[in-house]
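Biologist: Could you take me closely through one part of this model, the sheet and what packs against it, and then follow the connections outward from there? I would like one connected account rather than a list.

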2 protein chains.
Amino acid sequence: VAAGGRLPSSRQLARELGIARRTIVLAFEELCAQGYCTSQTGQGTTIAEISSVQESALSPNTQSFPQWLELESSPALFDATPQPTTPIDIDFALGTTKLNDLPHKALSRALQNSLDHLKIDGTSFDLAGSHGHAKLIELICDRILPMRGIQADPSQVLITNGSQNAVSLISQLLAPYGGSISYGVPGYLSIPWQFTSQGITGIPCPVDRDGMQLIPEVNSARLHYVMPEHHFPTGVTLSPTRRAALLRLAEQQDALILEDDYDSEFYYDRHPLPALKSQDRGGRVIYLGTFSKILFNGVRLGYIVAHPELIRRLSNLHWLINRGSNLLSQLLVTELIESGNLERHLRRMRGVYRNRRDLMAQYLLRRFPQWQWQIPQGGMQFWIELPPDELAERVRECWSQRGIRLHSVNLHYPQSSLKSQHHLMIGFGAVSEAQIHQAFQRFDKLLQD
Amino acid sequence: VAAGGRLPSSRQLARELGIARRTIVLAFEELCAQGYCTSQTGQGTTIAEISSVQESALSPNTQSFPQWLELESSPALFDATPQPTTPIDIDFALGTTKLNDLPHKALSRALQNSLDHLKIDGTSFDLAGSHGHAKLIELICDRILPMRGIQADPSQVLITNGSQNAVSLISQLLAPYGGSISYGVPGYLSIPWQFTSQGITGIPCPVDRDGMQLIPEVNSARLHYVMPEHHFPTGVTLSPTRRAALLRLAEQQDALILEDDYDSEFYYDRHPLPALKSQDRGGRVIYLGTFSKILFNGVRLGYIVAHPELIRRLSNLHWLINRGSNLLSQLLVTELIESGNLERHLRRMRGVYRNRRDLMAQYLLRRFPQWQWQIPQGGMQFWIELPPDELAERVRECWSQRGIRLHSVNLHYPQSSLKSQHHLMIGFGAVSEAQIHQAFQRFDKLLQD
């Protein structure tokens, strides 16, 4: 039957098929509603003109791809998809926690309480609003920021889906103004990449034992990206003198500072310095905090503390491009802070991580005395310098053959830098003490064989 | 004591203060570690040169703001922060659900099960990876997409933090290639805004009862943004003829189609047409699905179905700028799909929403016979045309005086369009039947007074 053809009458079809006429009428109505047929009183139902024939989709490989998209216009910094870790049973992962270290009872209670909040009937609570859940913002101001020496009111805080998401907002807000960004190398390059991929000029600066060096080129930067407490990956702390110089420079040059305070909660032998933001009398520091390290990365929750006008613009942008932050994570963390369980967990993990660090340090000294490193005062990883005749890739391969994963430091250097070949990182956040023992004992076995 | 000055010896100070010397030594070590002092064996401890004096932050109002930031470079489409709704007790909100309609028992069980997943010891589970939680992707392919007539394998799916977040990824990927985007007006303008704010040319198209019109200017577009099932805000369905034409056009012009399928799960009198993506033999449709409407907006979870090469690039970008999607929401929705509770909830809500819609329709017919509208076949709102002598702002004010909130349609028209003055939207997703009765009875009372 072709377009324009007439369907049999509902009465006739009902008789032929031996089913109720009402069923046929409903089916015809549906076909008409969907545009496949048209019906006029007294004229019956006719097949509509439909040009395309519905066929099942072809397999993806045979599909065409827009030509103009064939070349990647701005290739990403790296293929960021995490690799599968199948044959590996011990993973010295970086910046991540061991999930069975989480306070599961506290999490369970907090999730139940969060759900109770959702039962409260109020449509405005469906989304927490562009700034974030008001209660969480209050708790951050009252109980989290003071630990870092920061005084802020709610107009200075925006909740984000983690620090990377925070930086994506900041970079989209600032990129149209042009200018340049300074950052330390080796460093956490996926943050400056967000700016440089949008046309901002990058000013890489060497990092020494006092943190990022303020080389002369830095004077022209409109934005300085720093991790004052533990510069990633080397772990050094920005010295008080350099902090003061950076704040002065920002004031003089009408610039902003992006302070990434990603894991200062984990300190072992000394308290961390107060955040740079705590000395920010001019309102030039944009402070990034996160709950992903304290809890787990999948919680994807962070916050920005900045000048209220910046927060207003960032909130609008966050609303437009993300519709605010995940409500479940916000409710969960609100509960955990309010009950004191977040701080309890933090205190416990400081001890847990310190023990792992000390155990790891003992093994490293004993098994690999030729490697150079400083004991990390905080954070969750060792930064190791290899002797000139040892190459990082070889070491990683050798460990990998024993079922142990060491992560590459290549991502933290500009492409083609040779320096990365002589450095290793070993994380201790995501391994148990038993796993540390096991890992190093695999080298004993080899020596015995 | 000035910089360079020497601190008393630990022995001396311990005697003076009457406390253990070990305590003093620890305190000195901490001061040195933080850079406030330096210590050399045999020389005692001296005060370091620190240029800045730590003072508490000034109040935000006295803080300076970078001059170059004073003008907003690309002012946002609108000040998107949702307004507080204090004196309002009935809110006919749009595209949002009533939170106490949620299946709280099922949610509670699902959250507990999610937590059990977190107990599984595996660091790779900390983040779900850039594509999303593998199990959720599988379930979307097996159980969600077939309801929309779509066949896809996991390589064609990326989980995002909601549809807006999905569009932010797509716009950042495509914007560097230039070109233009077509979209319907009135429409959901914050989606095309994400492209036009990055330099893509916008091609607004009128919308009639068959959906977005394919005006001649559309031929040059590299991207077409459509909501085939229910065009927001008018609620019309893209006709089969126009669907076929759009697919043909994309194929001929080497273009892409962005299909926003935001609430087709809520249909009442007829089944929705299969998604445009189901007829996409050329792999040119980028399909957007979301769980925010089925559950609640704060769950911030959506997905993209597209050509595997696009998904690969979008996943990398998602990793770089968001570190993937929220794990809690992913685990929650995985549980809800797997247990069948998501579909049960959906079936129930179809009935709940249909009843609200029908009740609302009765009241509208009776109280405001001069208003013109079509009964919504799906979705969660009425689109109403006012007679020429009635202005939307006046109507909204009049309702607001009775404690009832109607939302403005201004956001869905280009700025300064006069047409918005004669249209109203009334959402029925977030109000109970009792509230609908109450709202309209407030007009009865007025008539009696």
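**The sheet and its surroundings**

Modeller: In this predicted model, helix α5 of chain A (residues 163–174) lies across five strands of chain A, namely β4, β8 (223–226), β9 (256–260), β10 (285–290) and β11 (302–305), and runs at about 155° to β10(A). The sheet itself is an open one of eight strands in chain A with mixed pairing, and its order is β4-β11-β10-β9-β8-β5-β6-β7. Because β4 (157–160) and β7 (211–212) of chain A stand at the edges with a single partner strand each, one side of each is left without a neighbour in the sheet.

As for how such strands are held, strands of a sheet pair through backbone hydrogen bonds, either parallel or antiparallel. An example of the parallel sense is the pair formed by β5 (residues 180–185) and β6 (residues 201–208) of chain A, which are joined over six bridges; there, A:I181 has A:G202 of β6(A) as its bridge partner. The antiparallel sense appears at the edge strand β4(A), which pairs with β11(A) over four bridges, with A:V157 standing opposite A:V305. Although β4(A) is an edge strand, both of its faces are covered, since A:V157 and A:I159 on one side and A:L158 and A:T160 on the other are all buried.

Turning to chain B, strand β4 (residues 157–160) is covered on both faces, with B:V157 and B:I159 buried on one side and B:L158 and B:T160 buried on the other. Four bridges join β4(B) to strand β11(B) (residues 302–305), the two running antiparallel, and B:I159 is found opposite B:Y303.

Strand β4(B) leads on to helix α9 of chain B (residues 327–338), for β4 is among the elements that cover the buried residues of α9(B), together with α3 (104–119), α4 (134–144) and α10 (341–367) of chain B and, from chain A, α9 (327–338). Of the 12 residues of α9(B), 11 are buried, and these include B:L327, B:L331, B:V333 and B:I337 as well as B:S329, B:Q330, B:T334 and B:E335. From its first C-alpha to its last, α9(B) reaches 16 Å, close to the 16 Å expected at 1.5 Å a residue. At the start of α9(B), a side-chain oxygen of B:N326 comes to within 2.9 Å of the backbone nitrogen of B:L328, while after the helix comes B:G340, with a positive phi near 85°.

Away from the sheet, the largest nonpolar core holds 140 residues, of which A:F92, A:W371, A:W399, B:F92, B:W371 and B:W399 touch the most other members. Leaving aside residues up to four places away in sequence, B:W399 touches B:F92, B:F368, B:W371, B:I404, B:L406, B:I426, B:F440 and B:F443.

A polar residue offers another local view: B:S10, in helix α1 of chain B (residues 10–17), counts as buried because its relative accessible area, 12%, is under the 20% cut-off. The side chains of B:S10 and B:R21 are joined by a polar contact of 3.0 Å, and, again leaving aside residues up to four places away in sequence, B:S10 touches B:R21, B:I24, B:V25 and B:F28.

Set against chain A as a whole, the sheet belongs to a chain with 12 helices and 14 strands, in which 59% of the 449 residues count as buried. Of the contacts in chain A with a separation of 6 or more, 73% involve residues 24 or more positions apart.

Conventions:
Residues are numbered from 1 along each chain as its sequence is written. Chains are lettered from A and ligands numbered from 1 in the order in which they are written. This is a predicted model: local features need pLDDT of at least 70, side-chain atom pairs count only at pLDDT 80 or more; totals for chains, interfaces and linings use all residues. Side-chain values use heavy atoms; hydrogens and water are left out. Buried means under 20% relative accessible area, exposed over 50%, partly exposed in between (1.4 Å probe, protein chains only). Two strands pair if DSSP finds at least two bridges between them. Contact means heavy atoms within 4.5 Å. Axes are lines fitted to C-alpha atoms, for helices over the stretch in contact, and angles run from 0 to 180 degrees between N-to-C directions. A nonpolar core is a set of buried Ala, Val, Leu, Ile, Met, Phe, Trp, Tyr and Cys residues joined through side-chain atoms within 4.5 Å. The expected span of a helix is 1.5 Å times one less than its number of residues. A polar contact is a pair of N or O atoms within 3.5 Å; within protein, one must be able to donate a hydrogen and the other to accept it, and residues adjacent in sequence count only if both atoms are side-chain atoms.
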